[in-house]
Amino acid sequence: MLKDDVGEILITEEELQARIAELGRAISADYQGKDLLAVCVLRGAVIFLSDLIRRITIPHEMDFMAVSSYGGTRTKSTGVVRILMDLTTNIEGRNVLIVEDIVDSGLTLSYILSNLKTRRPASLRTCTLLDKQECREVDVPLDYVGFVIPDKFVIGYGLDYDEKYRNLPFIGVLKPELYIE
Ligand code: IMP
């Protein structure tokens, strides 16, 4: 069983859902009367996005982009980002909210922000489920944050280790003996 690989549960399913409901309420209030486009960064944020938008009570659209880092290890990105799949929507003049699973060094989100900025959206804000604040290497503006977490490699609720564990309904930490750097 996948669950047997988890050493510690950091955020339970109930805690996730309660916080996501709060984020949905805040986003609905802030974007009231505005044309909101939620941009999901694949693949990790897809579970978060799907729960979040069901807590957003105003009309909005969504789109997806996929990015990947070159090189690095299984648990650390290099910060050299490339777009694997771009948006299908023209975001010029739109109110764009980037939805991320986790911000670690900040390099990925920083790249996405500067890339999307050049497309002249009316506004560009960020929402991340998890924030590994103490690992930040570049400053990125975070407008909505689910949880600030310690410097631990986490899995579940969209987050993977070697493409596995995304389907766990909670955020957990793998048993240390299962990591290969
Ligand atoms: P950053 O560029 O260092 O901020 O890392 C961002 C990306 O690295 C995230 O979108 C994740 O795909 C991945 N990542 C960072 N930390 C973790 C983690 O603890 N678990 C799973 N993936 C992570």
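Trainee: What makes helix 1 oblique to helix 2 in this predicted model?

Mentor: Start with the geometry: helix 1 (residues 13-30) and helix 2 (residues 46-53) pack at an angle of about 60°, and their axes are 9 Å apart. Angles under 35 degrees would count as roughly parallel, and 65 to 115 as roughly perpendicular. The angle of about 60° fits neither range, so helix 1 is oblique to helix 2.

Trainee: Which hand does the crossing of helix 1 and helix 2 have?

Mentor: Helix 1 passes helix 2 in a right-handed crossing.

Trainee: Let's go to the ligand. Which residues come nearest to the ligand?

Mentor: D104, S105, G106, T108 and V154 do, out of 16 residues around the ligand.

Trainee: How do you know that T108 makes a polar contact with the ligand?

Mentor: A polar side-chain atom of T108 lies 2.5 Å from an oxygen atom of the ligand. The cut-off for a pair of N or O atoms is 3.5 Å, so this pair counts as a polar contact. The backbone joins in as well: D104 has a backbone N or O atom 2.8 Å from a ligand oxygen atom, and G106 also places a backbone N or O atom 2.8 Å from an oxygen atom of the ligand. The protein covers 86% of the 490 Å² of accessible area that the ligand has on its own.

Trainee: Which element supplies the largest share of the shell around the ligand?

Mentor: Strand 5, with four residues. Strand 5 (95-103) and helix 3 (107-117) each supply at least two residues of that shell. By class, the shell holds six nonpolar, four polar and six charged residues.

Trainee: Now the backbone. What kind of peptide bond joins L42 and R43?

Mentor: A cis bond, with omega about -5°. R43 sits in the loop between strand 2 (36-42) and helix 2.

Trainee: What makes the phi of D162 worth a look?

Mentor: Phi of D162 is near 55°, a positive value in a residue other than glycine. Most residues other than glycine have a negative phi, and most peptide bonds are trans. You will find D162 in the loop between strand 8 (154-155) and strand 9 (171-174).

Conventions
Residues numbered from 1 in each chain as written. Predicted model: local features only at pLDDT ≥ 70, side-chain atom pairs only at ≥ 80, totals over all residues. Heavy atoms only, no water. Near = heavy atom within 4 Å. Polar contact = N/O pair within 3.5 Å; in protein donor to acceptor, adjacent residues only side chain to side chain. Areas by Shrake-Rupley, 256 points an atom, 1.4 Å probe, with all protein chains shown as cover. Nonpolar A, V, L, I, M, F, W, Y, C, P; charged D, E, K, R; others polar. Axes fitted to C-alpha atoms, helices over the stretch in contact; angles between N-to-C directions. Parallel < 35°, antiparallel > 145°, perpendicular 65-115°, else oblique. Left-handed = near helix turned anticlockwise from the far one by under 90°.
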